[in-house]
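Visitor: Hey, I've got a structure open and I'm a bit lost. Can you walk me through it?
Guide: Sure, let's have a look together.

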Amino acid sequence: MIKVKNISKSYKDAIVLNNVSLEINKGDFTAVMGPSGSGKSTLLYSISSMDNPDEGEVIFEGIDVYKLSESELSKFRLNKMGFVFQNSQMLKNLSIFDNIILPGMVAKRESIEVVRARATELMSKMGIEDIKDRDIREVSGGQLQRAAICRAMINSPEILFMDEPTGALNSEAASQVMEILKKLNQEGISIMLVTHDAKMASMAKKVIYIKDGKLAGEIKLSNEKEALAEIDLWLKTI
Ligand code: ADP
Ligand code: MG
């Protein structure tokens with residue numbers, strides 16, 4: 001689905017991404033680990049066409065995304081990709097429900113009824129249908145992140161990009177979010193998740209390790225029960 005070819009990025013003299021190549025296939029669930037400042041977020045933003053690399057290509061379903069015009073790219077992003085960040089980045093003056101349907105209204109691909117129906121279905125799937133009319137200041141961090149996932153899913157994207165989506169949550173709320181992600185992935189959506197938490201990463205099918213802007217390691221996880229032990233062992237070898 002996505003081919004990342006030799007991407008590099010620098011800020012002044014600092015090389016933040018150094019010739020990274022990787023592929024994401026349909027249905028993949030990839031976790032990105034690595035020390036703080038190693039380039040994980042920059043990699044995620046480069047792949048998801050939010051921040052262009054200095055060199056290299058990102059080919060999404062055959063389309064060289066950085067060759068698209070700005071308006072083509074924003075349309076492409078809106079229809080194909082969903083984003084969730086550490087802080088939900090919801091708008092304060094809209095209800096939870098209106099925040100969720102907003103990208104659907106902007107995309108103008110479907111009727112408002114279809115978008116509203118999908119929002120209701122997503123909220124019920126995430127167990128947050130009861131907070132639909134609330135202001136974002138009236139809900140918990142875990143509920144807010146689940147709402148952010150609903151918003152990211154509203155245009156039925158092919159891939160969800162997430163940068164430490166559970167980083168600000170307590171472990172129970174984080175586990176709930178991870179269970180939801182696992183379910184969404186089983187239903188077919190691809191996921192790329194940055195996390196520093198090996199337990200979160202153990203829910204993925206593949207983990208990559210970024211160190212000093214380079215791809216320093218990769219492990220495929222097959223047995224869910226042993227995944228965490230496998231990751232812990234693997235991290236010691238990097
Ligand atoms: P990670 O997500 O792994 O913590 P980042 O990708 O956020 O790392 O950052 C990698 C490096 O790039 C860090 O040293 C960071 O300070 C630097 N960096 C990131 N964004 C910018 C920017 N906009 N301007 C200058 N330096 C940046
Ligand atoms: Mg980061």
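Guide: We'll go through the overall chain, then some helix pairs, then the ligand.

Visitor: Cool. Is this from an experiment or predicted?
Guide: This is a predicted model.

Visitor: Got it. How many helices and strands does the chain have?
Guide: The chain contains eight helices and ten strands.

Visitor: And what does the radius of gyration say about the chain?
Guide: A compact globule of 238 residues would have a radius of gyration near 18 Å, and the chain has 18 Å, so the two agree. If you follow the C-alpha trace along its principal axes, the chain spans about 50 × 45 × 30 Å.

Visitor: Okay, helices next. How do α3 and α5 sit relative to each other?
Guide: Helix α3 covers residues 96-107 and helix α5 covers residues 141-153; their axes come within 7 Å and cross at roughly 30 degrees. Angles under 35 degrees count as roughly parallel, so that's what we call α3 and α5. Their crossing is right-handed.

Visitor: Which residues meet there?
Guide: From α3 you get Ile96, Asn99, Ile100 and Pro103, and they meet Ala147, Cys150 and Arg151 in α5. Sorted by class, that contact of α3 with α5 has five nonpolar residues, one polar and one charged.

Visitor: Does α3 have another partner I should look at, like α4? What's the angle there?
Guide: Try helix α4, residues 112-125: α3 and α4 pack at about 135 degrees, with their axes 9 Å apart. That angle makes α3 and α4 oblique to each other. The way α3 passes α4 is a right-handed crossing.

Visitor: And who's touching whom?
Guide: On the α3 side it's Phe97, Ile100, Ile101, Gly104 and Met105, and on the α4 side it's Val115, Arg116, Ala119 and Met123. In the contact of α3 with α4, seven residues are nonpolar, one is polar and one is charged. Keep an eye on Ile100: this residue meets α4, and it's also in the group that meets α5.

Visitor: Nice. Back to α5, how does it cross α6?
Guide: Helix α6 is residues 171-186, and the axes of α5 and α6 come within 9 Å and cross at roughly 20 degrees. So α5 and α6 are roughly parallel to each other, and their crossing is right-handed. The contact uses Gly141, Gly142, Gln145, Arg146 and Ile149 of α5 with Ala173, Gln176, Val177 and Ile180 of α6. By class, that's four nonpolar, four polar and one charged.

Visitor: Switching topic: what surrounds ligand 1?
Guide: Around ligand 1 you'll find Tyr11, Val16, Gly34, Ser36, Gly37, Ser38, Gly39, Lys40, Ser41 and Thr42. By class, this shell has two nonpolar, seven polar and one charged residues.

Visitor: Which helix gives the most to that shell?
Guide: Helix α1, residues 40-47, gives the most to the shell around ligand 1, with three residues.

Methods
Residues numbered from 1 in each chain as written. Chains lettered and ligands numbered in written order. Predicted model: local features only at pLDDT ≥ 70, side-chain atom pairs only at ≥ 80, totals over all residues. Axes fitted to C-alpha atoms, helices over the stretch in contact; angles between N-to-C directions. Helix = DSSP H or I, 4+ residues; strand = E, 2+ residues; numbered from the N terminus. Parallel < 35°, antiparallel > 145°, perpendicular 65-115°, else oblique. Left-handed = near helix turned anticlockwise from the far one by under 90°. Contact = placed C-beta atoms within 7 Å. Nonpolar A, V, L, I, M, F, W, Y, C, P; charged D, E, K, R; others polar. Near = placed C-beta within 6 Å. Rg over C-alpha atoms; globule rule 2.2 N^0.38 Å.
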